[in-house]
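Take a walk through this model with the viewer open. Begin at a single residue in a loop, then widen the view step by step.

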Amino acid sequence: MKCLVTGSAGFIGSHLCERLVGDGHTVVGIDAFIPYYPRTVKEANLHFLHGQHGYTHHTLDLRTDPLEAALDGVEVVFHLAAMPGLAKSWTDFDLYQSCNLTATQRLLEAVRKTPSVQRFVYASTSSVYGRFSTGDETMPTRPISPYGVTKLAAENLCRSYEELGVAVIVLRYFSVYGPRQRPDMGYHRFIAALLGKQPITVYGDGQQVRGNTYIDDCVAATMAALQAPLGENYNVGGGESASVWDILGKLEAIVGRRAILSKEAARAGDQRSTYADTAKLRRHLGWEAQTSLDDGLARQVAWHRQHVWRSSAVARFARGQNVVNY
Ligand SMILES: NC(=O)c1ccc[n+]([C@@H]2O[C@H](COP(=O)([O-])OP(=O)(O)OC[C@H]3O[C@@H](n4cnc5c(N)ncnc54)[C@H](O)[C@@H]3O)[C@@H](O)[C@H]2O)c1
């Protein structure tokens, strides 16, 4: 099958491309290397795919570049490209609305004119539910961050393109972690700080609870969407939830070091609790999470130990080098 993966140089997209190529599919990747974390890190995410028979990369910006050539002969689109993360979505809304909404609209327009495309899988988020995101797909959608608002709007845009014949499946991912996790995400920051003997900032009371999804389980659920009934939406979450304190305790045990903690006020838009009821995904597609939280965290720590250079690249980046302003 010929698949297009947008956001292919990102955390989840690069893992998905590897799995698709490994399963014998032909993959076209699109990524613009949006530099809110270092381009070098995203290029390294593509390391395994470079030169792989079956993978072709297009450095294209979905907001502005022509997309028709990349879509030629494509049968399935996995749309993962987005500006993720909530903190920056308060301060750079144009970037979020353009990468999450305009980009999605341009892609959908190109897809509806490409008759070979049989399904369009959209990567959404638990953030569409809002402060309390514990339950199944019937939970009300009340996002509390601009990020969540743009992702929900993009979901609705996909739904509106169903009217024009685009076959859509929506996946709502819940806090994905594991090797190559984005450097702005909590577990990445915690592990890098523990290994580097740096302080860890905990926002709010640390009692925020997350349903956690190991990257391989997230990719397996995304692959399962190839068989999903058209028009459905699914929560994608691992089977275990944990508070910030639970996670820090586990990471201290794995790394063998106590965390140096600093506390800051809760961040606006932070979800209080998330946990995915995935019964529908299991019922329809037989998917179940396979990786325990302890195993997944241990694998992420092992990966960090092997890729220390990334932490220094991110730290240099955070000090202002290579920053591109929009
Ligand atoms: N990581 C999570 O825990 C999580 C949770 C819920 C939902 N999601 C969703 O999953 C998807 C992937 O997330 P991720 O964590 O891998 O993020 P990521 O930032 O690592 O990957 C996203 C990629 O999209 C690319 N991109 C953004 N705008 C683009 C544009 N206009 N044109 C071309 N490329 C563009 C970026 O350069 C980046 O490489 C996103 O849609 C995100 O909203 C992620």
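Proline 84 touches Tyr147 and Arg182, leaving aside residues up to four places away in sequence. The model is predicted, and the contacts are computed from its atoms. Find proline 84 in the loop between strand 4 (76-79) and helix 4 (93-112). Is proline 84 buried or exposed? Proline 84 counts as buried because 26 other C-beta atoms lie within 10 Å, and 20 or more are enough for that label. Now look across to histidine 47. Its C-alpha atom is separated from that of proline 84 by 22 Å, and the two residues are 37 apart along the chain.

Next comes the ligand. How many residues surround the ligand? There are 29, and the closest are Gly7, Gly10, Ala32, Ala82 and Thr125. Three elements give two or more residues to this shell: helix 1 (11-22), helix 4 and strand 5 (119-125). Helix 1 provides the largest share, three residues. Sort the shell by class and you get 18 nonpolar, five polar and six charged residues.

Turn to the largest nonpolar core. In soluble globular proteins, nonpolar side chains tend to be buried together. Here the largest nonpolar core has 79 residues. Those that touch the most other members are Leu4, Val77, Val111, Phe120, Val121, Leu171 and Val236. Helix 4 gives the most to this core, with seven residues. Helix 4 also appeared among the elements that give two or more residues to the ligand shell.

Pick leucine 171 from that list. Which residues does leucine 171 touch, once residues up to four places away in sequence are set aside? They are Val121, Ala123, Ser124, Ala221, Thr222, Ala225, Tyr234 and Val236. Two of these partners, Val121 and Val236, stand with Leu171 among the core residues that touch the most other members.

Now check the backbone. Most residues other than glycine have a negative phi. Phenylalanine 33 has a positive one, near 50°. It sits in the loop between strand 2 (26-30) and helix 2 (39-45). Phenylalanine 33 counts as partly exposed because it has 17 C-beta neighbours inside 10 Å. Serine 175 also has a positive phi, near 30°. Its place is the loop between strand 7 (168-173) and strand 8 (176-177). Why does serine 175 count as buried? Because 25 other C-beta atoms lie within 10 Å.

A further positive phi follows helix 6. That residue is lysine 197, with a value near 55°. Helix 6 itself spans residues 186-195. Its buried residues are Tyr187, His188, Phe190, Ile191, Ala192 and Leu194.

Finally, step back to the whole chain. It holds eleven helices and 14 strands. Its C-alpha atoms fill a box of roughly 55 × 40 × 35 Å along the principal axes. The radius of gyration is 19 Å, and a compact globule of 326 residues would have one near 20 Å, so the two agree. Of the 326 residues, 44% count as buried. What share of contacts between residues at least 6 apart in sequence joins residues at least 24 apart? The share is 84%.

Terms used: Residues numbered from 1 in each chain as written. Predicted model: local features only at pLDDT ≥ 70, side-chain atom pairs only at ≥ 80, totals over all residues. Helix = DSSP H or I, 4+ residues; strand = E, 2+ residues; numbered from the N terminus. Rg over C-alpha atoms; globule rule 2.2 N^0.38 Å. Buried ≥ 20, exposed ≤ 12 C-beta atoms within 10 Å, placed from the backbone. Contact = placed C-beta atoms within 7 Å. Near = placed C-beta within 6 Å. Nonpolar A, V, L, I, M, F, W, Y, C, P; charged D, E, K, R; others polar. Core = buried A, V, L, I, M, F, W, Y, C linked by C-beta atoms within 7 Å.
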